[in-house]
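Here's a quick tour of one model, looking at its core, a loop and a bit of its surface. Have the structure open as you read.

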Amino acid sequence: MAGVSKGAVFEDLLPVMADKLGGEGLIRELCNGFQLLMDKDKEVITLESLRKNSRLLGLQDLKEDELVSMVKEGDLDGDGALNQMEFCVLMFRLSPELMEESQFWLEEALEQELKNAC
């Protein structure tokens with residue numbers, strides 16, 4: 001898992017979820033996960049809220065440096081926290097199989113768009 005220490009064991013379940021739930025269902029579940037992990041007052045995932053709520057998603061074995069790395073890697077705007085979009089992007093980035101599938105879908109869509117333009 002990029003950005004997280006080598007000691008972390010990560011089973012990539014997002015592809016299984018995508019197959020079972022479809023694209024919209026997967027996004028809905030990611031949004032639910034965000035809601036569980038976020039600081040309810042700030043409406044973002046902070047290091048403290050991740051530390052406190054991670055066990056709800058089975059992440060209780062992650063070490064402090066792994067939690068810090070997750071926030072740092074996902075924090076695209078540099079505010080020290082993850083908004084919902086940053087969280088979803090991070091989850092996709094941490095799923096190599098979904099990244100490969102996304103690349104395939106993008107290429108297919110571009111090919112179709114080029115065919116339609118001609």
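A residue is called buried when its relative accessible area is under 20%, exposed when over 50%, and partly exposed in between (1.4 Å probe, protein chains only). Keep in mind that this is a predicted model, where local features need pLDDT of at least 70, side-chain atom pairs count only at pLDDT 80 or more, and totals for chains, interfaces and linings use all residues. Numbering runs from 1 along each chain as its sequence is written, and side-chain values use heavy atoms, with hydrogens and water left out.

Let's start in the loop between helix 2 (47–53) and helix 3 (64–74), home to Ser54 and Leu57. Helices here are DSSP runs (H or I, at least four residues), numbered from the N terminus.

| Loop residue | Relative accessibility | Class |
|---|---|---|
| Ser54 | 4% | buried |
| Leu57 | 38% | partly exposed |

Skipping residues up to four places away in sequence, Ser54 touches Leu37, Ser49, Leu59 and Gln60; contact means heavy atoms within 4.5 Å. Leu57, for its part, joins Leu36 and Leu56 in a nonpolar surface patch of about 260 Å².

Now for the inside. The largest nonpolar core (buried nonpolar residues joined through side-chain atoms within 4.5 Å) has 18 residues, and Leu30, Ile45, Leu50, Phe87 and Met91 touch the most other members. Helix 1 (14–37), helix 3 and helix 4 (84–93) each supply at least two residues of this core, with the largest share, five residues, coming from helix 4. Beyond its neighbours within four places in sequence, Phe87 contacts Leu30, Gly33, Phe34, Leu37, Ile45 and Leu82.

Note on methods: Patches are made of residues with over 30% relative accessible area and no salt bridge: like charges are joined within 9 Å, nonpolar side chains (Val, Leu, Ile, Met, Phe, Trp, Tyr) within 5 Å. Accessible areas come from the Shrake-Rupley method with a 1.4 Å probe; for residues, only the protein chains shown count as cover. A salt bridge is a side-chain nitrogen of Lys or Arg within 4 Å of a carboxyl oxygen of Asp or Glu.
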